[in-house]
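This report examines how aromatic rings and a helix are arranged in one protein model. Please consult the sequence and the structure as you read.

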Amino acid sequence: YDIYSPAAFFERDIHEMFGVYFEGSPNMEPFILTEWEGPPPMLKSFSTLDYVEDTFKWQDYSMKD
């Protein structure tokens, strides 16, 4: 950020998606995932399937003709 100020946007994005902290960056607040409570979603350790199963309730449905 100190060398190239538009980098603040990319630092913020990388922090939000991958959890990388950039020392000296002026703002590390979320801007895309503002209501996200979980870990950074782009980490290899993040399981999308587990997140969906824990967050949403499955419902059975059938298509009637």
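The sections below treat the first helix, then the aromatic pairs, then a surface patch.

The model is predicted, so local features need pLDDT of at least 70 and side-chain atom pairs count only at pLDDT 80 or more, while totals for chains, interfaces and linings use all residues. Residues are numbered from 1 along each chain as its sequence is written, and side-chain values use heavy atoms, with hydrogens and water left out.

**Helix α1**

Helices are DSSP runs (H or I, at least four residues), numbered from the N terminus. Helix α1 covers residues 7-18. Its twelve residues reach 16 Å from the first C-alpha to the last, close to the 16 Å expected at 1.5 Å a residue; the expected span is 1.5 Å times one less than the number of residues. After α1 comes Gly 19, whose phi is positive, near 85 degrees.

Which residues of α1 are buried? They are Ala 7, Ala 8, Glu 11, Glu 16 and Met 17. Here buried means under 20% relative accessible area, exposed means over 50%, and partly exposed lies in between (1.4 Å probe, protein chains only). Met 17 counts as buried because its relative accessibility is 15%, and its C-alpha lies 7.6 Å from that of Leu 43, although the two are 26 residues apart in sequence. His 15 also lies in α1, but at 23% it counts as partly exposed. Between His 15 and Glu 29, 14 residues apart in sequence, the C-alpha distance is 8.9 Å.

Glu 11 has a partner in the loop between α1 and α2, where Ser 25 is placed. A polar contact of 2.8 Å joins the side chains of Ser 25 and Glu 11. Such a contact is a pair of N or O atoms within 3.5 Å; within protein, one must be able to donate a hydrogen and the other to accept it, and residues adjacent in sequence count only if both atoms are side-chain atoms. Ser 25 is buried, with a relative accessible area of 13%.

**Aromatic pairs**

A pair of aromatic rings is described by the distance of the centres and the angle of the planes. Rings of Phe, Tyr and Trp (its six-membered ring) pair if their centres lie within 6.5 Å; planes under 30 degrees apart count as stacked, over 60 as edge-to-face and the rest as tilted. The structure holds six aromatic pairs, including these two:

| Pair | Centre distance | Plane angle | Type |
|---|---|---|---|
| Phe 9 and Phe 31 | 5.4 Å | 50 degrees | tilted |
| Trp 36 and Tyr 51 | 4.9 Å | 35 degrees | tilted |

Phe 9 lies in α1 and Phe 31 in the loop between α1 and α2, so this pair ties together parts that are 22 residues apart in sequence. Phe 9 is partly exposed at 47% relative accessibility, as is Phe 31 at 26%.

Trp 36 lies in the loop between α1 and α2 and Tyr 51 in helix α2, so their pair ties together parts 15 residues apart in sequence. Trp 36 is partly exposed at 24%, and Tyr 51 is partly exposed at 29%. Ring pairs also link Trp 36, Phe 46, Tyr 51 and Phe 56 into a cluster.

**Surface patch**

Phe 9 appears again in a nonpolar surface patch, together with Phe 10, Ile 14, Phe 18, Val 20, Met 42 and Leu 43. Together these residues have about 630 Å² of accessible area, computed by the Shrake-Rupley method with a 1.4 Å probe, with only the protein chains shown counting as cover for residues. Patches are made of residues with over 30% relative accessible area and no salt bridge (a side-chain nitrogen of Lys or Arg within 4 Å of a carboxyl oxygen of Asp or Glu); like charges are joined within 9 Å and nonpolar side chains (Val, Leu, Ile, Met, Phe, Trp, Tyr) within 5 Å.

Methods
Helices (H or I, at least four residues) and strands (E, at least two) are DSSP runs, numbered from the N terminus.
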